[in-house]
Amino acid sequence: MNKYFIYIILFFYPILAIGQVEQMGQMEKQSNEGEQFVVDSVQSLFPVSKLTLLRNVDFIFNSRFAFGSNFLDGNHNVSKFNVDQFRFEIKGRIHDKIRFRFRDRFTRESEIGNLDNVKRSIDLAFVTADLTPRTSISIGKLVADFGGWEFDMNPINILAYNDIVGNSDNFLVGVEISHSFKNKSNALSFQILNTRTKTFEEQYGETAPPNIAALDYPLAFVSNWRGSFFNKKFETTYSYSFFHEADGVSMNYIALGNKFKSKNFILYYDFQYSHEGLDRRKIVSNIINSQYPYAAEKALYIGHWMRACYLIKPKINLLLTLMNTNFYWEGNPDPIGESRLASSYGVTPTVEYLPFKNLNMKFYVGYVARKFEYTSYAKTAFGAKDYTSGMLSFGIIAPLLVL
């Protein structure tokens, strides 16, 4: 309850302050006309000097509201209105060298992570200090700087994530150093983060293999390179991440994001590779759990994500998103077993209508079609069955800048 009260105060703060400025201005005017008003005797509830600070602060409601219909294996399940995304964000500059950013996801559970002591619903809560004009340090709950444009986009613009990004811990507590080069066409960042929001015991529970123990220092190291070439016609966001998951167990994650841009056309392509000493994303573990009670060791995920955007008219944008992920169990103890277990496929055609020239609000209609296809070995050994899913959705997407 206290959180919402603070939000209300922050929202109405500038209105009250502006009202004070206008009132004081009227009083000064009347005083000049001979009325008996003394401006200095008025005590402001909110100091007018704070208005300068608020000019550098943004309040944003990252929103997606929709009516959707869900399907499984071609059969309709349910149709309903839904708040797909609602992330309240405050960001700005409070000093010429100090910035902050805070974002709370109202559409996620809010229990406190027992490793980082922060609510799971909070995506971002950090402070950035500029050490030099091109170098900065950030401390707090950060977005892990994984490469790839799918992950880099505002979540309200993604109707469905590919399996690798969609099953990741993307917001972690730690520290980041970032540096942009003199021509600003290249930038590097380095992060040291907690590997998880939960402890090892909470993350894996009884599924932890008996030969694997938790670490005293569960840390992750994330590096990212962002490049821009040919007057921003080609841009990259490449990353390598190392997660020290448990004693003798690590995760290596590579994401290579590429963006090609012309006048009215943009093409994105991401390659994702995640080799996990202990199955962090749990997709492989869920496939084999009918026969193997522990989290899979040496799980491998290889993914591809592509999106094409074509603005056919100033107010109409066409999008087509393609996804694919392949799942492997390289630690399979079966001497005649296969490592490859399954593949997933996805296609999302979307039409967006942008009615307002000076407001980033768009109406959309899109369909997410997914297929999960298992290998013959996975069907025989673990009883896996192929399935398809679909979601027809239409609604509104808007990062509403309310202040």
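Which strands each supply at least two residues of the nonpolar patch? Keep that in mind as we walk through this predicted model; we will reach the patch at the third stop.

**Stop one: the β2, β3 and β4 strands**

Select residues 75-95, which form strand β2, together with residues 98-105, which form β3. These two strands run antiparallel and are joined by eight bridges. Follow the chain from β2 into β3 and you will pass through a hairpin of two residues. For a sample pairing, pick F88 and look across to D104, its bridge partner in β3.

Now add residues 122-132, strand β4. β3 and β4 are also antiparallel, with seven bridges between them. Here, try F102, whose bridge partner in β4 is A125.

**Stop two: D123**

Stay in β4 and select D123. This residue is buried, because its relative accessible area is 0%, under the 20% cut-off. Show what surrounds D123: beyond its neighbours within four places in sequence, it is in contact with R87, R103, R105, K141, L142 and F171.

**Stop three: the nonpolar patch**

Switch to a surface view and select F265, Y310, I312, L318, V351, V365, Y367, L392 and F394. Together they make a nonpolar surface patch of about 730 Å². Back to the opening question: β12 (297-313), β15 (362-374) and β16 (387-401) each supply at least two of the patch residues.

Finish on L318, which lies in strand β13, residues 316-329. L318 counts as partly exposed because its relative accessible area is 32%, in between the 20% and 50% cut-offs.

Notes. Residues are numbered from 1 along each chain as its sequence is written. This is a predicted model: local features need pLDDT of at least 70, side-chain atom pairs count only at pLDDT 80 or more; totals for chains, interfaces and linings use all residues. Side-chain values use heavy atoms; hydrogens and water are left out. Helices (H or I, at least four residues) and strands (E, at least two) are DSSP runs, numbered from the N terminus. Buried means under 20% relative accessible area, exposed over 50%, partly exposed in between (1.4 Å probe, protein chains only). Contact means heavy atoms within 4.5 Å. Two strands pair if DSSP finds at least two bridges between them. Patches are made of residues with over 30% relative accessible area and no salt bridge: like charges are joined within 9 Å, nonpolar side chains (Val, Leu, Ile, Met, Phe, Trp, Tyr) within 5 Å. Accessible areas come from the Shrake-Rupley method with a 1.4 Å probe; for residues, only the protein chains shown count as cover. A salt bridge is a side-chain nitrogen of Lys or Arg within 4 Å of a carboxyl oxygen of Asp or Glu.
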